[in-house]
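Good morning, colleagues. I should like to take you through one structure this morning, beginning with its charged pairs and moving on to its interior, its surface and its cysteines.

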Amino acid sequence: MDDPLVALAREAQAKAYAPYSGYRVGAALEADDGRLFSGCNVENASYGLSICAERAAVAAAVSQGATRYRRLVVVTDSDPPASPCGACRQVLAEFGLDLEILAVGPTGEHSWRLGALLPDAFVSERLTSRRPAN
Ligand code: THU
C-alpha cells in the first residue's frame, strides 16, 4: 500500500462516524497542486442529514482553496468496491468530469473517470438558456 492517497482515505475511513448504518467510508482527494484532502461519512440521528465521505472531502478541499482535482480515492468495506453515490457524483462534477476515481474494497479496486459514472452531467454550462429569462 504505497499510494499516499489510498493511505489517507483509509485513515479517514477509520474516523467515519457511522453509528446508524455501520457503513464506514473514507475519501481522499488529490488537488492539481499536489495537496491532499480527506473526509469521512458523518451520520446523524436525523438520518437524512448524514454527509457522505466524498462530499466531506470536497468541502475540506474547497475550504482550503483547492477546486481542481486529479484523483479521488474512496475506501469502503464493500466487495466489489463501492462507487460514489449519485449525489456525490453531481457534487464532484462541479469541479470536472475528468476526475479519476479509484474505489478500494477489502479484496480489490476499481477505477473510472467521473464522466463515465455521470454521463450527460448537469454542469454550469447548462445554466445558460436559449430563451430570455422571464
Ligand atoms: N456513504 C458515503 O459516505 N458515500 C457514498 O458514496 C455512499 C454512502 C455513506 C452515507 C451513509 O453514512 C452510509 O454511507 C450508508 O449509506
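Let me begin with Arg70, which counts as partly exposed because its relative accessibility is 40%. Please bear in mind throughout that this is a predicted model. The side chain of Arg70 meets that of Glu30 in a salt bridge, with an N to O distance of 3.5 Å. Since Arg70 belongs to strand β3 and Glu30 to strand β1, this pair ties together parts that are 40 residues apart in sequence. Is Glu30 buried or exposed? Its relative accessible area is 14%, so Glu30 is buried.

The search of the whole structure finds 5 salt bridges. Another of them joins Asp32 and Arg68, whose closest N and O atoms are 3.2 Å apart. Here too the link is between distant parts of the chain: Asp32 sits in the loop between β1 and β2, Arg68 in the loop between α2 and β3, and 36 residues separate them. Asp32 is partly exposed at 34% relative accessibility, whereas Arg68, at 57%, counts as exposed. A further salt bridge pairs Asp33 with Arg35, at 3.0 Å between the closest N and O atoms. Arg35 is partly exposed, with a relative accessible area of 33%. Through shared partners, salt bridges also join Asp3, Glu30, Arg70 and Arg71 into one network.

I turn now to the interior. The largest nonpolar core has 22 residues, and those with the most contacts inside it are Leu29, Tyr69, Leu72, Leu92, Leu99 and Ile101. Which elements give two or more residues to this core? They are β1 (26-31), α2 (53-63), β3 (69-75), α3 (86-93) and α4 (114-117). Of these, α2 gives the most, with 4 residues.

Leu72 is worth selecting in your viewer. Setting aside neighbours within four places in sequence, Leu72 is in contact with Leu5, Ala27, Ala28, Leu29, Glu54, Pro84, Leu92, Leu99, Glu100, Ile101 and Leu102. Apart from the largest core lies another, of 9 residues, among them Val6, Val75, Leu102 and Val104.

Next, consider Gly39, which is found in strand β2 (residues 36-40). Gly39 counts as buried, because its relative accessibility is 8%. Its C-alpha atom is separated by 5.3 Å from that of Ala27, 12 residues apart along the chain. Not counting residues up to four places away in sequence, Gly39 touches Ala12, Val25, Gly26, Ala27, Ala53, Ala56 and Ala57.

On the surface, Tyr17, Tyr20, Val42, Tyr47 and Ile51 make a nonpolar patch of about 520 Å². Tyr20 is located in the loop between α1 (4-14) and β1, and this residue is partly exposed, with a relative accessible area of 41%.

Finally, the cysteines. How many disulfides does the structure hold? The number is 0. Cys40 is in no disulfide, and the nearest cysteine sulfur, belonging to Cys52, is 11 Å away. With 15% relative accessibility, Cys40 counts as buried. Cys85 is likewise in no disulfide; for this residue the nearest cysteine sulfur is that of Cys88, 3.7 Å away. Because a disulfide requires the two sulfur atoms to be within 2.5 Å, the 3.7 Å between Cys85 and Cys88 does not qualify. Cys85 counts as partly exposed, at 32% relative accessibility.

Thank you. I am glad to take questions.

Key
Residues are numbered from 1 along each chain as its sequence is written. This is a predicted model: local features need pLDDT of at least 70, side-chain atom pairs count only at pLDDT 80 or more; totals for chains, interfaces and linings use all residues. Side-chain values use heavy atoms; hydrogens and water are left out. Buried means under 20% relative accessible area, exposed over 50%, partly exposed in between (1.4 Å probe, protein chains only). A nonpolar core is a set of buried Ala, Val, Leu, Ile, Met, Phe, Trp, Tyr and Cys residues joined through side-chain atoms within 4.5 Å. Contact means heavy atoms within 4.5 Å. Patches are made of residues with over 30% relative accessible area and no salt bridge: like charges are joined within 9 Å, nonpolar side chains (Val, Leu, Ile, Met, Phe, Trp, Tyr) within 5 Å. Accessible areas come from the Shrake-Rupley method with a 1.4 Å probe; for residues, only the protein chains shown count as cover. A salt bridge is a side-chain nitrogen of Lys or Arg within 4 Å of a carboxyl oxygen of Asp or Glu.
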